[in-house]
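Dear colleague,

Please find below the structure that I am handing over to you. My notes on what was found in it follow directly after.

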Amino acid sequence: MTGRFLLSLILLLTCWVDVSVSSFFGPSTKTAKIPTSQKDRDIQAISGVKAAITSPKSPSFPLVECEFPPLERLNKLGDGSLRSALEVEKANLAFASKLTKSIAPVPFIGPKTWLLVSSAASNSFLSSARNAAGSSTVHSLKDGLPDVGEGDVCVFVTPSSRSDYEAAKRIASPGGAGAVVLVNGFAKDQKSVPGSATMGYFLKPLTYNSQVVGYLARVYPGKWVTIDAITNKVLSAYVDEEILVRGTNTPDLRQSGKIVQKSVDDRAILARKNN
């Protein structure tokens, strides 16, 4: 058996445990919805990521993405201040720690997990990563590629440069790790993550008149869904081929944005008629 096949078996077992017993992270879920809390978001994200690791879109290329507003205030992406940046770093590391512990909940049982840090990361961030890593091995790409095994899972926190994304793709290629998970990748372009990667979890606020009025969300292997933030109603659903920008793993937000705007406008028109 290959390392990647054994990894899939192990994660299938942990997913079964998630469903069968009350775990720290709660039950597994495959239908995207607007999270009601940070814990609810983490349940959805971890569920989707583990499903993507177990059965990625391209079995020979287990590169998985996970994108969401990292701060507990779901629609706050940061105001550019140092304090906000530190809060974002802390939140991303906290999620990565939860994810690795869910993948390998008992030390020495399950796949080896790595916490990868960008080559551009500061020493203070690297120190924080070591404190959050638990039983995972922390590796900075400043030191080159990690010496991973085929069944290992690498969780890469906020890759932010072309060299980071190239390293992630190399680690996820045949002969590399069992899976590479990118958590809230930064400064992506159309060449950063190819269309053969898998979006395990995605949550993006959609705004209209400077207000959050909806979300585009995805929990793998479910569809991408546009959700009205007021009614929680699913307004549209898409498969990868219908929403991803060609050649990339990045969704085109324009159609979802138009749909939630129309929902807001229709609701306003109806309210005026009823008054």
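Leaving aside neighbours within four places in sequence, Gly 195 is in contact with Lys 57, Gly 247, Thr 248 and Asn 249, where contact means heavy atoms within 4.5 Å. Gly 195 sits in the loop between strand E5 (179-183) and E6; helices (H or I, at least four residues) and strands (E, at least two) are DSSP runs, numbered from the N terminus. With a relative accessible area of 26%, Gly 195 is partly exposed; buried means under 20% relative accessible area, exposed over 50%, and partly exposed in between, with a 1.4 Å probe and protein chains only. The C-alpha atoms of Gly 195 and Glu 241 are 9.6 Å apart in space, and the two residues are 46 residues apart in sequence.

Please note that this is a predicted model, in which local features need pLDDT of at least 70 and side-chain atom pairs count only at pLDDT 80 or more, while totals for chains, interfaces and linings use all residues. Residues are numbered from 1 along each chain as its sequence is written, and side-chain values use heavy atoms, with hydrogens and water left out. The mean pLDDT (the predictor's confidence in each residue, from 0 to 100) is 88, and 85% of the residues reach 70 or more. Over residues 16-28 the pLDDT is below 50, and this stretch has 15 contacts in the model beyond near neighbours in sequence. Where pLDDT is low, the predicted coordinates should not be read in detail.

The loop between E5 and E6 also holds Asn 184 and Ala 187. Asn 184 has a phi near 50°, a positive value in a residue other than glycine, and Asn 184 counts as buried at 11% relative accessibility. Ala 187, likewise not a glycine, has a positive phi of about 60°.

Both residues recur in the description of the largest pocket: of the 40 residues that line this pocket, Thr 158, Asn 184, Gly 185, Phe 186 and Ala 187 lie nearest its centre. The volume of the pocket is about 970 Å³. Helix H3 and strand E6 (198-208) are the elements that give two or more residues to the lining. On a 1 Å grid over the protein atoms alone, a pocket is an open set of points where a 1.4 Å probe fits, with protein on both sides within 12 Å along at least five of seven lines, and lining residues have an atom within 4 Å of a point. Grid points are joined across faces, edges and corners, and the volume is the space filled by probe spheres set on the points.

Turning to the interior, the largest nonpolar core has 37 residues, of which Ile 53, Phe 95, Leu 99, Leu 115 and Val 181 touch the most other members. Such a core is a set of buried Ala, Val, Leu, Ile, Met, Phe, Trp, Tyr and Cys residues joined through side-chain atoms within 4.5 Å. H2 supplies the largest share of this core, six residues. Another core, of 18 residues, lies apart from it and includes Leu 63, Trp 114, Cys 154 and Ala 177.

The structure also holds three aromatic pairs. The ring centres of Phe 68 and Phe 95 are 5.0 Å apart and their planes stand at 70°, so this pair is edge-to-face. Rings of Phe, Tyr and Trp (its six-membered ring) pair if their centres lie within 6.5 Å; planes under 30 degrees apart count as stacked, over 60 as edge-to-face and the rest as tilted. The pair of Phe 68 and Phe 95 links distant parts of the chain, 27 residues apart: Phe 68 is in the loop between strand E1 (63-67) and helix H3 (82-103), and Phe 95 is in helix H3. Both Phe 68 and Phe 95 are buried, and together with Tyr 201 they form one aromatic cluster. Beyond four places in sequence, Asp 42 touches Phe 95 and Lys 98. Asp 42 belongs to helix H2 (residues 38-54) and is buried, with a relative accessible area of 2%.

Finally, the peptide bond from Tyr 220 to Pro 221 is cis, with omega near 5°. Pro 221 is found in the loop between strand E7 (211-219) and E8. Ile 227, in strand E8 (residues 224-228), counts as buried at 3% relative accessibility. The C-alpha atoms of Ile 227 and Leu 216 are separated by 6.4 Å, with the residues eleven apart along the chain.

With kind regards
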